[in-house]
Amino acid sequence: MFVTFCTAVRGDVLGTVIEGDVRLSSLGELVAESLAAIPVHAEALVDCSVLMPDHVHAVIVVHGRAQSLPTVVSGVKARVTRLSGVAGLWHRSFYDHVVRDESDL
């Protein structure tokens, strides 16, 4: 599943673009660590991800029926909020798209 979720405030929240590269802020680093920790906390894995200054793109594979994509995404958001102490960081919803084949990816 391809997923995009955004910060509630637009701007350089998770990092800054410098010479075409995103340099993550400490909050962005925490998001990257939380994405990497998904397999530890859920029956899912992150195939790939890209962090932008105010949003995240990821391909998340959910295994089994014990987990759902909304549970995995809300878990990442909750972990980042809890560890950073930044309330109101995330936009409430997220965008998802089923990746049907290689060309769709």
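**Strands and cysteines in a predicted model**

Modeller: In this predicted model, the residue of strand 5 that acts as the bridge partner of C48 is V59.

Biologist: How do you know that strand 4 and strand 5 are joined by bridges, and in which direction do they run?

Modeller: Two strands pair if there are at least two bridges between them, and seven bridges join strand 4 (residues 44-51) to strand 5, so these strands meet the requirement for a pair. They run antiparallel, and the hairpin that joins strand 4 to strand 5 passes through three residues.

Biologist: What makes strand 1 and strand 5 a pair?

Modeller: The cut-off is again at least two bridges, and five bridges join strand 1 (residues 2-6) to strand 5 (residues 55-62), in an antiparallel arrangement; therefore these strands pair as well. Within strand 5, V56 is the bridge partner of F5.

Biologist: How do you know that the structure holds zero disulfides?

Modeller: A disulfide is a covalent bond between the sulfur atoms of two cysteines, and to be counted here the two sulfur atoms must lie within 2.5 Å. The sulfur of C48 is 17 Å from the closest cysteine sulfur, which belongs to C6, and this is too far for a bond. C6 is therefore in no disulfide, since its nearest cysteine sulfur, that of C48, is 17 Å away.

Biologist: Why are C6 and C48 each called partly exposed?

Modeller: Buried means under 20% relative accessible area and exposed means over 50%, with partly exposed in between. C6 has 22% and C48 has 39%, so both values fall in that middle range.

Biologist: Why does E19 count as exposed?

Modeller: The relative accessibility of E19 is 77%, and because exposed means over 50%, E19 belongs in that class. This residue lies in the loop between strand 2 (15-18) and strand 3 (21-24).

Biologist: What is there to notice about the phi of E19?

Modeller: Most residues other than glycine have a negative phi. Phi of E19, however, is near 50°, a positive value in a residue that is not glycine.

Biologist: How do you know that the radius of gyration of the protein chain agrees with that of a compact globule?

Modeller: For 105 residues, a compact globule would have a radius of gyration near 13 Å, and the protein chain has 13 Å, so the two agree. Along its principal axes, the C-alpha trace spans about 35 × 30 × 20 Å, and buried residues make up 31% of the 105 residues.

Note on methods:
Residues numbered from 1 in each chain as written. Predicted model: local features only at pLDDT ≥ 70, side-chain atom pairs only at ≥ 80, totals over all residues. Heavy atoms only, no water. Buried < 20%, exposed > 50% of the residue type's maximum accessible area, 1.4 Å probe, protein only. Helix = DSSP H or I, 4+ residues; strand = E, 2+ residues; numbered from the N terminus. Rg over C-alpha atoms; globule rule 2.2 N^0.38 Å.
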